[in-house]
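Biologist: Hi! Could you walk me through this one? I'd love to hear about its pockets and its strands.

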Amino acid sequence: MKNITLIATATFGLETLVKQEVKALGFEDLRVSPGKIEFDAVLADIPRANLWLRCADRVLLKIGEFTAVTFDELFEQTKTLPWEDWITRDGRFTVNAKTHKSELRSGRSCQSIVKKAVVERLGAAYGIDHFAETGPDFTIQVALYKNVAQLTIDTSGPGLHKRGYRAAAGDAPLKEPLAAALVMLSFWNQERLLIDPMCGSGTILIEAAMLARNIAPGWKREFASEGWPSIPTQLWQEARQAAETAVQPGGNLQLFGYDIDPAVIEIAKGNAAVAGVADDITFATKDVKDLWIDRQYGIMISNPPYGMRLNEFQEMNKIYVSLNKMLRKKNGWSLYLLTADEKFPRYFKRARPDRVRKLYNGTIKVNYYQYYGDKPPE
Ligand SMILES: C[S@@+](CC[C@H](N)C(=O)[O-])C[C@H]1O[C@@H](n2cnc3c(N)ncnc32)[C@H](O)[C@@H]1O
């Protein structure tokens, strides 16, 4: 089968996790750079990587990489690449460009140079000078960093965060790969109780349920490369079939989601139903101030409001005080909290955080405060 190179892109701070995921899919010799995990693969891995990577943003197919300090070099070298191996005669293709710390500073110029070179290459390969553009979609990405141009085609289409289960979202929902990452960075496993007391549209708990039941995050959606003739349909069918067979039955999970807003609780229930995990999670309307926990050794993962608006300060105070009161004497409980509010550790007095990870929620810099509880007895 054809040897190819794939790149899983990752949000800043999640590279290590995506690397682990890629490794778990059986790939070796991974090349990690900021925001990217590159690995050698074969065609059948395009469906597999798209269907299974929980924390990655996209899967890109690498077409070539070279040094380019002039537009001529960019043009000529782009033209030497085998675009016709992938882009069909009737293909509809667009080019996106970004450049950083490079001589070629204008993304827009790089974009049109690359487009022109690909058009020339395909024109010569197919013997045409008019492109019908009625066929499958191809999004070419040119990324220049320190004068090295990396040219890829996006195999995913819409970002991998679009799992297909979130028809509706509450206020400030977490992107699904970040929610999955919060769960994977915690010590939660399917034997243990997990609560999100400010669950909004339920993303953290839905991702936890999917993880526990081995549900491939991409099984409810389609990918741009599903329409490419270069990837036999059979490979997609086999990968989807394998994903279906891999699903574990639910039934024993202890996942609980609460929120003060009854409307978002309804949204969370709807999303969980579409994701196929409705029976694994209990959702209810509750103010965190009224939440009382009488169980031991549970795990709390949450993403409270960030209290960025002035009038929210008092409300945030009350939430922090409630969390502190609830968990202060419960040494068996672990707390994992994602917030942009750096005041949080001052309110949670049980101990200093065991670990603080810097992450990004979209463009907002956030901290993931991790307080580890005692291990449950064997
Ligand atoms: C940032 S959002 C959580 C988003 C969620 N992680 C998601 O992916 O949809 C914060 C949530 O906290 C809820 N909230 C605010 N104050 C609360 C309180 N006192 N008790 C419980 N929930 C509260 C809000 O209704 C909102 O849904």
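Modeller: Happy to! Keep in mind that this is a predicted model. In the largest pocket, helix 6 (203-212) and helix 9 (313-327) each supply at least two residues of the lining.

Biologist: Which helix gives the most to that lining?

Modeller: Helix 9 does, with three residues in the lining of the largest pocket.

Biologist: And how many residues line the largest pocket in total?

Modeller: There are 34 of them, and D171, A172, N303, P304 and P305 lie nearest the centre of the pocket. Its volume is about 820 Å³.

Biologist: Nice. What classes of residue are in that lining?

Modeller: The lining of the largest pocket has 17 nonpolar residues, 10 charged ones and seven polar ones.

Biologist: Okay, next pocket! What volume does the second largest one have?

Modeller: The second largest pocket comes to about 680 Å³. It is lined by 23 residues, and the closest to its centre are P34, K36, A143, Y145 and Q150.

Biologist: Which elements give two or more residues there?

Modeller: Those are strands: strand 2 (31-33), strand 3 (36-42), strand 4 (58-67), strand 5 (92-100), strand 6 (137-145) and strand 7 (148-154). Strand 6 has the largest share of that lining, four residues.

Biologist: What about the classes in the second largest pocket?

Modeller: Its lining divides into eight nonpolar, eight polar and seven charged residues.

Biologist: Let's switch to sheets. What is the strand order in the seven-stranded one?

Modeller: The order is 10-9-8-11-12-14-13, in an open sheet with mixed pairing.

Biologist: Which strands stand at the edges, and why is one side of each left without a neighbour?

Modeller: Strand 10 (281-285) and strand 13 (355-361) are at the edges; each has a single partner strand, so one side of each has no neighbour in the sheet.

Biologist: How are neighbouring strands turned against each other?

Modeller: By 15° on average in this sheet, ignoring direction.

Biologist: Can you zoom in on one pair of strands for me?

Modeller: Sure! Strands of a sheet pair through backbone hydrogen bonds, either parallel or antiparallel. Strand 8 (residues 194-196) and strand 11 (residues 299-302) pair in the parallel sense, over two bridges.

Biologist: Which residue in strand 11 is the bridge partner of L194?

Modeller: That's I299.

Biologist: Last one: which strands does helix 5 lie across?

Modeller: Helix 5 (residues 176-184) lies across strand 11, strand 12 (334-339), strand 13 and strand 14 (364-371). It runs at about 170° to strand 13.

How values were computed:
Residues numbered from 1 in each chain as written. Predicted model: local features only at pLDDT ≥ 70, side-chain atom pairs only at ≥ 80, totals over all residues. Heavy atoms only, no water. 1 Å grid on protein atoms, 1.4 Å probe; cavity = no way out; pocket = protein on both sides within 12 Å on 5 of 7 lines; lining within 4 Å. Points joined across faces, edges and corners; volume = space filled by probe spheres on them. Nonpolar A, V, L, I, M, F, W, Y, C, P; charged D, E, K, R; others polar. Pairing = 2+ DSSP bridges. Axes fitted to C-alpha atoms, helices over the stretch in contact; angles between N-to-C directions. Contact = heavy atoms within 4.5 Å.
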